[in-house]
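Biologist: I would like to learn how to read a model like this one. Can we go through it feature by feature?

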Amino acid sequence: MILIKKPILHIYIMLFFIASAVTSAAWCYEEIKLDEALTQFYQNNFDIIASKYDIDKAYADYITAKLLPNPNLSVNYNNLAMSRGKTNRWDNTQLTVRVDQLIETGGKRTLRTGVAAETLEATRISHKDVIRNLLIGFYNLFYNLNLDDLSIEFARSELVRYDRLLQVAEKRFNTGFLSPIDYTKLKVARIDLENNVTNLSTQWANDIDSFSLLLGSDIRHKPAKVYAQDRYPVLTEADLVSVANENRHDLLSLQRQRKSAEHNLALGKAYRIPDFSIGGEYDSTGNPATSGVGMGISIPIPFFNRYQGEIAKRTAELKQIDVQLAKTKRRVASDIHLALNNYAAAMKVFESYRDNKEQMDTLMQNSEKAFSLGGITVLELLDTHKTYRDFITKYHQALIQSVLNRDLIKVYTGEIK
């Protein structure tokens, strides 16, 4: 059996602190507060920037919808005489230059513009809903990084605490009050603590990269620490649902889409009224040419209603949006209900850990004192350490989850910029 002598153990401890200092220096990232991170997220997130171009496309459709039809110019030269490969005018030769303008009836241009205007507004609101959905991932990552930070800090402090305990165990082993087997168990248990620091640090570095990508930033930011609040807001479901019905962008966008569909249906019905073209022409006839002018009007005869299918299709689209609206209203209420339940449960869990944290700290300190005096066995000490680590890990998780769930309620009610 190989036993680590005291000088060698001290060297190991020094190397650990040196390695920790080097690692900390390498991970010295710029700290960023929640408000600052949100500002960068809104300005630089790639998905948000890409989504903005949907607004530009809808605005282009709006411009097109407002335009008047262009006039049509036609030039006809008829009855030219052919002689030896050349054309010549003769008595029946006629040159006609004509301009026709399509006149839209039934308010088609107004209705078409109305469809595009409502679609444009719906697209603007949908863009905000894209941001709202992305915010769920933003808040999860922001607070997960906080949890990573708390976990790493606790894991490192536990390693330092455990090294002090090993020094006590070494003294008891050297004086014959601790068996070689128990001393070896204590040293082997340290490996798990070291591996825990390594795994948590790797996870933290990976999350930092994901966070930088989310912010669209070349700088690797470290979220500012989150602290437990003494008081958390008391929220009622009815009030939250009322706020959500006024602010949820998916619901507001559908309402504008319904208005667009109403205009679109009216436009389909307006197509039953035929458009007509009016035109004027200049004529040059004969040889020598005789000039003259003329005018005309053309209108299709609406003998058959060729738009029945289109009207039926647009009616179905309107009914489809009504169903989607009803579904979205139910989903908004369901989202609020679930978010509020999750928030209440997270608060209850956090308060249970917070109320017992001081007791667990005292238990850990008393167990270490008892072990140094030989009052408890190695197994009892290791079990207490494991219980304490599990408790603090769950305490940190409950803290972060309560803060996360509180902020997610704002996302589900649509109370975002």
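Biologist: Which residue in β7 does Val97 stand opposite?

Modeller: Val97 stands opposite Tyr282 in β7. A caution before we go on: this is a predicted model, where local features need pLDDT of at least 70, side-chain atom pairs count only at pLDDT 80 or more, and totals for chains, interfaces and linings use all residues. Residues are numbered from 1 along each chain as its sequence is written, and side-chain values use heavy atoms, with hydrogens and water left out.

Biologist: How do strands pair?

Modeller: In general, strands of a sheet pair through backbone hydrogen bonds, either parallel or antiparallel. Here, β5 (residues 94-103) and β7 (residues 276-285) run antiparallel, joined by ten bridges. Two strands count as paired if DSSP finds at least two bridges between them. Strands are DSSP runs (E, at least two residues), and helices are runs of H or I with at least four, both numbered from the N terminus.

Biologist: What does β7 do on the β8 side?

Modeller: β7 and β8 pair in the antiparallel sense over nine bridges. Tyr282 stands opposite Val293 in β8. The two strands form a hairpin with four residues between them. In the turn, Gly286 has a positive phi of about 80 degrees.

Biologist: What is the order of the strands in the open sheet?

Modeller: The order is β2-β5-β7-β8, with antiparallel pairing. β2 (72-78) and β8 (290-298) stand at the edges with a single partner strand each, so one side of each has no neighbour in the sheet. From one strand to the next, the twist averages 15 degrees.

Biologist: How many of the nine residues of β8 are buried?

Modeller: Zero; β8 is hardly covered. Buried means under 20% relative accessible area, exposed over 50%, and partly exposed in between (1.4 Å probe, protein chains only). Of the 417 residues of the chain, 37% count as buried.

Biologist: How is the chain spread out in space?

Modeller: The radius of gyration is 39 Å, well over the 22 Å that the globule rule gives for 417 residues, so the chain is more spread out than a compact globule. That radius is taken over C-alpha atoms, and the rule is 2.2 Å times the number of residues to the power 0.38. Along its principal axes, the C-alpha trace spans about 135 × 60 × 30 Å.

Biologist: How many helices and strands are there?

Modeller: The chain has nine helices and eight strands.

Key: Axes fitted to C-alpha atoms, helices over the stretch in contact; angles between N-to-C directions.
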